[in-house]
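Okay, let me get the model up on the screen. I'd like to talk through charged pairs first, then a bit of sheet.

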Amino acid sequence: MDPVSLTEDQLEALAWVSVDYFLKEVNHRNGLIRDKTQDGAPASIAAVGMALATAPLAVERGGAPRIFMARRTLNRLRFFWNSPQGPEPDATGYKGFYYHFLDMESGRRVWNCELSTVDSAFLLAGVLTVATYFDQDTAEEQEIRTLGDALYRRADWRWAQNGGATVTHGWKPESGFLPYRWEGYDEALLLYVLGLGSPTYPLPEESYAAWASTYEWKKIYDWELLYSGPLFTHQLSHLWIDFRGIQDAFMRGHGLDYFENSRRATYVHQQYAIRNPMEFEGYGPFCWGLTASDGPGWTCRVVNGIERRFFDYIARGAPYGPDDGTIAPWAVVASLPFAPEIVLPTIQHFDHLDLGMLRPYGFKATFNPTFPVEEDRRGWVSPWHFGIDQGPIVLTIANYQNGMLWNVMRRCPYLVTGLRRAGFSNGWL
């Protein structure tokens, strides 16, 4: 299968149908984005951050007039700035951070969920995107910059350390800080860069060293790399930060950068599927991609004489698992800048499987060919689309095509400061 069989027009079409999620699964009054398409689903603050980050794309690609996108952006920023911040259990946020899930109408906390530091980081990355991009001297764009700056400055990163060296996963008004911390390589790379760049409550430089001290360097198959199992951990920070050619102390010591590391992780996932040690249906050179995703459910089934355990939403990973045969097309698309030579033909294969590439919202979130579904050769297919899956598709395609979001964020002084305080140098820095 030839990688060039997927045309630029098809890739562009996938981006446009995927971004449609943010235009339709939205409360237009407050700008909140629904977590997933399931009826009654609340808003996800990470999805809002990704929706904000698509604003420059919509303007530059001619999808919407600049003044229209500026007004939509301003509506969102005003909501977050004016929403209740405090220790009350039904607030929207506290200490400049926000609850993971919010009611679509009131914008207040739902499900007794946590004040999430990493989801707040994705939200604030979107805020900084629009504050950097909307640089014209109009009243709307000036207010975008003012509010964006204020929202970022309000986050108290030192509080989120709870007296430790690293940052906690979050906090609940009923029970205080969660017992988990951001340690070991994962999607929190962006969180630490943003925390280090703060002009008001910055993380100390030692916090980054403490986070990196728990890294695991491994040799898997033919590749040496900084290990993390699920694909999304190698992708989400890269939506905003162009890691090509810049290195922190860890990467200097190993003679590569985080971009090359993600390329190797992408190849590990493909090679794992080729080897297919658990003999799942469909796995191969053009069917791979394990990540945090929806699944068939917590159940056991005997399939072709083998007892299989299946999972619901869980962080699947390669090569050490967990794995139940569930593949996430969006996670393959999100590796496009790292390894287009294997990603493009895989996208084409998913299209041949009729997974909805060019239908409303694009690819279904996940599918599992091993989980039998009567009269469906694809096996189980997720009925939902998720906002945090849609964002990486749109933003990754833009970065692959012309580095659009990377170029915006290179101009963000807070991001540059955070990278430098983390010890990054060389390249565009």
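So, Glu141: buried or exposed? It's buried, because its relative accessible area is 2%, and the cut-off for buried is under 20%. Keep in mind that this is a predicted model.

Who does Glu141 pair with? Its side chain meets that of Arg66 in a salt bridge, at 2.7 Å from N to O. Arg66 sits in helix H4 and Glu141 in helix H6, which covers residues 139-154, so this contact ties together parts that are 75 residues apart in sequence. And there's a third player: Asp135 joins Arg66 and Glu141 in a network of salt bridges.

Okay, next pair. Arg410 and Asp242 also meet through their side chains in a salt bridge, with 2.8 Å between N and O. Where are the two partners? Arg410 is in helix H15, residues 404-410, while Asp242 is in the loop between helix H9 (236-240) and helix H10 (249-254), so here the parts tied together are 168 residues apart in sequence. Now look at how accessible each end is. Asp242 is buried, at a relative accessible area of 1%. Arg410, on the other hand, comes out at 32% relative accessibility, so we call it partly exposed.

One more of these: Arg61 with Glu12. Their side chains form a salt bridge at 3.3 Å, N to O. Again it links distant parts of the chain, 49 residues apart: Glu12 belongs to helix H1 (residues 8-24), and Arg61 to the loop between helix H3 (55-60) and helix H4 (66-82). Arg61 has 25% relative accessibility, so that one counts as partly exposed too.

How many salt bridges does the structure hold? The count is 20, and I've picked out just some of them. The general idea is familiar to you: side chains of opposite charge can pair when their charged atoms come close.

Right, on to the sheet. We have an open sheet of 5 strands, in the order S2-S3-S5-S6-S7, and the pairing is antiparallel. Which strands are at the edges? Those are S2 (93-94) and S7 (176-177), each pairing on one side only.

Let's zoom in on S5 and S6. Strand S5 is residues 115-116, strand S6 is residues 170-172, and the two run antiparallel, joined by 2 bridges. If you want a spot to click on, take Leu115: across from it, in S6, stands Trp171.

That's my tour, so over to you for questions.

Key: Residues are numbered from 1 along each chain as its sequence is written. This is a predicted model: local features need pLDDT of at least 70, side-chain atom pairs count only at pLDDT 80 or more; totals for chains, interfaces and linings use all residues. Side-chain values use heavy atoms; hydrogens and water are left out. A salt bridge is a side-chain nitrogen of Lys or Arg within 4 Å of a carboxyl oxygen of Asp or Glu. Helices (H or I, at least four residues) and strands (E, at least two) are DSSP runs, numbered from the N terminus. Buried means under 20% relative accessible area, exposed over 50%, partly exposed in between (1.4 Å probe, protein chains only). Two strands pair if DSSP finds at least two bridges between them.
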